[in-house]
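Q: I would like to go through this model with you, one topic at a time. Could you take my questions as they come?

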Amino acid sequence: MSRLAHHLARALAFLAAAVLLGVAANHFAAPSRKLAWLGRTPTEPAAPPADPPADPPAPEPAPGPVRTAPRAADPFHPSSTQAVREISSEVAWSAFGRRIPFLDARRTSDFEEGHVAGAWSAPVWESDCDRRITEFEARANPGMKDPVVIYCTGGCEDSKLLAAKLQGLGYRNLLVYTDGFPDWTAKARPVAKGPRP
């Protein structure tokens, strides 16, 4: 073999070794450094994970029943369990303002000396009490469930006895003003004198 052929064979051997080393190096190289001409394209770096989808908006709460503050009990509304109830001085004054009828259970002489302005006399201990109740019903015309205020001298039983009598007649909304006429006059509320309301 000529000397030239020998050098040529050696050069080809080096070239083949270089190609083999290059292929091997490309095989073990990181993906970003691999050579595309060897049939492998560098892979794109993995994209960062997309943000997870946002939670769907919370649904609007369904409209519920409108809540209102509880109303104070109307002291003049008839009770389903009590036909006769005691009321305070303030409630009696409110009843007067609403023109709710008052019945005075005291004796006639006490009534004529002074009574709640507009009140009707129905002295529970006197013999004509029934007639006076009838007169009251005819002129005031209260319904059986309409409120009626009954009073006496305060702390006495006359107003309760009159309430029991009216309850026996069918009345179901009887309000006993327990502090009675002394409380009424002490507060300088309207009074009248004489036999009529």
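Q: How many residues does α4 have, and what does α4 reach from its first C-alpha to its last?
A: This is a predicted model. In it, α4 has 12 residues and reaches 16 Å from its first C-alpha to its last, close to the 16 Å expected at 1.5 Å a residue.

Q: Which residues in α4 are buried?
A: C129, R132, I133 and F136 are the buried residues there. They lie on the same side of α4, because they cover an arc of only 100° around the axis.

Q: What do the buried residues of α4 pack against?
A: Their partners are the strands β2 (102-104), β4 and β5 (148-151), together with the helices α3 and α5 (158-168).

Q: And which residue follows α4?
A: The residue after α4 is N141, and its phi is positive, near 50°.

Q: Changing topic to pockets: how much space lies in the largest pocket?
A: The largest pocket holds about 180 Å³ of space. Its lining consists of 13 residues, and the closest to the pocket centre are S121, R132, E135, P195 and R196.

Q: R132 again. Which element gives the most to the lining of the largest pocket?
A: That is α4, with 4 residues. At least two residues of the lining come from each of α3 (108-113), β4 (120-121) and α4 (129-140). R132 is thus named twice here: R132 is buried in α4, and R132 is among the residues closest to the centre of the largest pocket.

Q: How do the residues of that lining divide into nonpolar, polar and charged?
A: The lining of the largest pocket has 6 nonpolar, 5 charged and 2 polar residues.

Q: Back to α5, which came up as a packing partner. Is S159, in that helix, buried or exposed?
A: S159 is buried, because its relative accessible area is 2%, and the cut-off for buried is under 20%.

Q: Which residues does S159 touch?
A: Leaving aside residues up to four places away in sequence, S159 touches A105, I150, Y151, C152 and V176.

Q: Now the whole chain. How many helices and strands are there in the protein?
A: There are 6 helices and 7 strands. Along the sequence they follow the pattern α-β-α-β-α-β-β-α-β-α-β-α-β.

Q: What percentage of the residues count as buried?
A: Of the 197 residues of the protein, 29% are buried.

Q: And among contacts between residues at least 6 apart in sequence, what percentage join residues at least 24 apart?
A: The share is 63%.

Terms used. Residues numbered from 1 in each chain as written. Predicted model: local features only at pLDDT ≥ 70, side-chain atom pairs only at ≥ 80, totals over all residues. Heavy atoms only, no water. 1 Å grid on protein atoms, 1.4 Å probe; cavity = no way out; pocket = protein on both sides within 12 Å on 5 of 7 lines; lining within 4 Å. Points joined across faces, edges and corners; volume = space filled by probe spheres on them. Nonpolar A, V, L, I, M, F, W, Y, C, P; charged D, E, K, R; others polar. Expected span 1.5 Å × (residues − 1). Buried < 20%, exposed > 50% of the residue type's maximum accessible area, 1.4 Å probe, protein only. Arc of directions from axis to C-beta. Contact = heavy atoms within 4.5 Å.
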